[in-house]
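Here's a quick tour of one model, taken a piece at a time. Have the structure open as you read.

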Amino acid sequence: MTRPLRQIRIIIPILIGTAIYAFGLHYFVIPNQLMEGGVTGIAVLLNYAAGFPLSISTLVLNIPLFFLGWKALGRDQMLYTLVGIVSLSGFLALMEHLIERKWLIPFGGSQDYMLVALYAGVSLGTGLGIVFRYGGTTGGVDIIARIVSRSKGISMGQIILSLDALIIGISLLYIPIEKVLYTLVTVFIASKIIDFIQDGAYAAKAFSIISEHGEAISKKVTIELDRGVTLIPARGAFSGQQKEVVYCVVQRQEIRRLKSIIRNIDPRAFIVINEVHDVLGEGFKEE
């Protein structure tokens, strides 16, 4: 498969994911005054406080973060993030147009906010889950978390959770506390849906890669994913040929990218992927 075709097969699902995510925001979240985390949550707050369109706020807030990430993380890691940022803003603008023309009637004015919170969580989680599964992000807090994690050694999960909690906490100035509590239900459901779509409830996967090009794979993983790699000498029992086992643990949104790195270097590599129940160490959870 050629490189452009591989990129198209990744970009199309990212577009689908951001479309579902944008739909969930405008159909469930905004009309019911719920909240969201990250930079999107800041854009939602600006919409509640000053009426700024979500599509414009999301794009404007992500532009400086994108260039910061491009400088700190490199071109390869930011390519699909750019696709996610631009497509999300575009689909948000499309939803705003459809609502303005009354071609899409938001699910608002309902007194059953638990039902709203559940469906908001499902739609947001489905959209983000698809984006993450294909190696993309919607920018914002993900970029900040990756940069801080690399420089300070704090896990990305802890950084994202802290920033989301701060943003949702600020929303108490603009929306009632019961809406914030329903938002927490939405966030919880969304996180479970993301895990489900990522094919597993765990935050990480362990890769054991048997290849004659272990050194090249390890260098590429270290540079592009910023993950630690262990090389284990090995010898084929039948062929007697010397090989290396490359052992690496990555987060769920990095799985597809790691597979791509391996296949580009050694299409004949033998890959074993194991579920990881818990990870302690740099880049993950610290105790």
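## A serine and its surroundings

The side chains of Ser55 and Glu96 are joined by a polar contact of 2.8 Å. Keep in mind that this is a predicted model. Ser55 sits in helix H3, which spans residues 54-73. Is Ser55 buried or exposed? Its relative accessibility is 6%, so Ser55 counts as buried, the cut-off being under 20%. Besides Glu96, Ser55 also touches Ser89, Leu92 and Ala93, once neighbours within four places in sequence are set aside.

## Packing inside

Now for the nonpolar side of things. The largest nonpolar core has 33 residues, and Leu25, Val29, Met35, Tyr48 and Leu54 are the ones that touch the most other members. Several helices each chip in at least two residues:

| Helix | Residues |
|---|---|
| H1 | 3-29 |
| H2 | 38-50 |
| H4 | 75-100 |
| H5 | 113-133 |
| H7 | 156-170 |
| H8 | 177-197 |

H1 gives the largest share, eight residues. Take Met35 as a sample: ignoring residues up to four places away in sequence, its contacts include Val29, Val44, Leu45, Tyr48 and Ile167. Apart from this core there's another one, of 13 residues, with Phe207, Val250, Ile261 and Ala269 among them.

## The hairpin

Strands E2 (residues 229-235) and E3 (residues 242-251) run antiparallel and are joined by seven bridges. One of the pairings puts Val229 opposite Cys248 of E3. Six residues lie between the two strands of this hairpin, and in the turn Gly240 has a positive phi of about 70 degrees.

Notes: Residues numbered from 1 in each chain as written. Predicted model: local features only at pLDDT ≥ 70, side-chain atom pairs only at ≥ 80, totals over all residues. Heavy atoms only, no water. Helix = DSSP H or I, 4+ residues; strand = E, 2+ residues; numbered from the N terminus. Buried < 20%, exposed > 50% of the residue type's maximum accessible area, 1.4 Å probe, protein only. Polar contact = N/O pair within 3.5 Å; in protein donor to acceptor, adjacent residues only side chain to side chain. Contact = heavy atoms within 4.5 Å. Pairing = 2+ DSSP bridges. Core = buried A, V, L, I, M, F, W, Y, C linked by side-chain atoms within 4.5 Å.
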